[in-house]
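Trainee: Pick one part of this model and take me through it closely. I want the cut-offs alongside the terms.

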Amino acid sequence: MMLVLTINAGSSSLKTALYQRQGAHWQPLSQAHISGLTQAEPQCQWQEHERVVKEPLPWLGQQPQSERAKAALDHLFSHWRSKGWLAQVQVVGHRVVHGGQRYQQPIRVTKAVLAELRTFNSLAPLHQPYNLQLLELAAEALPGVAQVACFDTMFHAGMPKVATRFAIPRELTEQGILRYGFHGLSYAYVYQQLQQLSPRQAQGKVIICHLGAGASMCAIKNGQSIASTMGFTAVEGLPMGSRSGSLDPGVLVHLMREHGWDAQRLEQFLYKECGWFGMSGGISSEMKTLRASQDPRAEEAIEVFIYRCVREIGSLVAALQGLDALVFTGGVGEHDAQTRAEILQQLGWLGVQTDELANQQHQLHLHTESSRVGVWVIPTNEELMLVQHASACIPSAG
């Protein structure tokens, strides 16, 4: 049995899985999700053979922050090694957030590639260093096993030039200060699913809304990403859990001039102190918690997020010159019926008509028969995209 291992590292979580080939499809043999890596008591959820087991990891919370990634990966690998599965891994597929201008396809990682990928750390400071740390750790633990980097930016390669440019001096553009777009693995999977569900709509004008603590939207025309709400970094666009989203750059100049903030302080502000967390006065960066709160600050944070979602959809419809399908995915997009409803209620001008009961029941499609726009809820699966990309780089694994 040959296995493909996937490693999908978030800023405070780690998703891993072992996949095996069954006929024409890849199926998960074992999946693990460690959450709360920056908290006092991380949690691990295992899923094997339709059996789900939750495991608290208080010992992991006692480790220094710098050592938790290695300890978490060692814990997962120890489990799989005891079952004899780790020795059967032929290739590891890693989610790496930023590929810059150069890396627009999955690539087998060498020392030279790894060194170049480190130069993009400042473009995705929450994710890129963590992605690459786990890539190195996996390479050390599995010597001789191919490590393949799959980039969140690569789905957006080929966006029209006009959609990638900032209004800045040309020499800076030529240095790579461009709009790249992110959440590409998620968009690629969801778009694949839409192609199967409604080929006609998929070949038209599509907006996918990846809504969660990290949130973005993507406009797709004839299968090609043509615009994204995220740009040079994963902080642009929609307000997120603790990221500001789009912000007048004059605010940053003001904070530097009037408060003496340096680059490190600004980065902490933009990525950790803003978004839903900042607007709610520190109540939470989780939509579920904000929904449960009666505090007017939580309500305002939600209201601003909904407003910005509707505005961004309008902007992307303009870029597409129409709309055939609107797709929700991501933690909030898949599970928060109220957020979906509040967005959809403001899209009647597009010809969107939704079935409220279908929305409450989290059904696959939410549109009525008379709706001019298809409305879908499609759970994302970045891990399966990692498997597809990684196995394609190692033919014998497919």
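Mentor: The annotated binding site comes first, then a histidine beside it, then the aromatic rings.

This is a predicted model, in which local features need pLDDT of at least 70 and side-chain atom pairs count only at pLDDT 80 or more, while totals for chains, interfaces and linings use all residues. Residues are numbered from 1 along each chain as its sequence is written, and side-chain values use heavy atoms, with hydrogens and water left out.

Start with the record. An unreviewed UniProt entry gives a "binding site" at Lys15, at His210, Leu211, Gly212, Ala213 and Gly214, and at Gly331, Val332, Gly333, Glu334 and His335. UniProt positions follow the numbering used here, feature names are shortened, and an annotation may be inferred rather than shown by experiment.

Take Lys15. It belongs to strand E2, residues 14-22. Helices (H or I, at least four residues) and strands (E, at least two) are DSSP runs numbered from the N terminus. Lys15 has a relative accessible area of 34%, so it is partly exposed. Buried means under 20%, exposed over 50%, and partly exposed in between, using a 1.4 Å probe and protein chains only. Beyond four places in sequence, Lys15 is in contact with Thr6, Ile7, Asn8, Ala32, His33 and Glu383. Contact means heavy atoms within 4.5 Å.

Now Gly331. This residue sits in helix H14, residues 330-335. Its relative accessible area is 47%, so Gly331 is also partly exposed. Leaving out residues up to four places away in sequence, Gly331 touches Leu211 and Asp336. Of these two, Leu211 is itself on the UniProt list.

Which residues does His183 touch, not counting residues up to four places away in sequence? They are Asp152, His210, Gly214, Ala215, Ser216 and Met230. Among them, His210 and Gly214 carry the binding-site annotation. His183 lies in the loop between helix H6 (170-174) and helix H7 (184-197). At a relative accessible area of 8%, His183 counts as buried. Val97 is 86 residues from His183 in sequence, yet the two C-alpha atoms are 7.9 Å apart in space.

Next, the rings. The whole structure holds 7 aromatic pairs. One of them joins Tyr103 and Phe151: the pair is stacked, with 5.7 Å centre to centre and 20° between the planes. Rings of Phe, Tyr and Trp (its six-membered ring) pair if their centres lie within 6.5 Å; planes under 30 degrees apart are stacked, over 60 edge-to-face, and the rest tilted. Tyr103 is in the loop between strand E6 (89-96) and strand E7 (107-108), and Phe151 is in strand E8 (residues 146-151), so the pair ties together parts 48 residues apart in sequence. Tyr103 is buried at 6% relative accessibility. Phe151 is buried too, at 0%.

The rings of Trp261 and Phe269 have centres 5.3 Å apart and planes at 65°, so this pair is edge-to-face. Trp261 and Phe269 are both buried. Arg265 lies over the face of Trp261, 4.1 Å from the ring centre. A charge sits over a ring if NZ of Lys or CZ of Arg is within 6 Å of the ring centre and within 35 degrees of the ring normal. Elsewhere, ring pairs link Trp46, Phe77 and Trp80 into a cluster.
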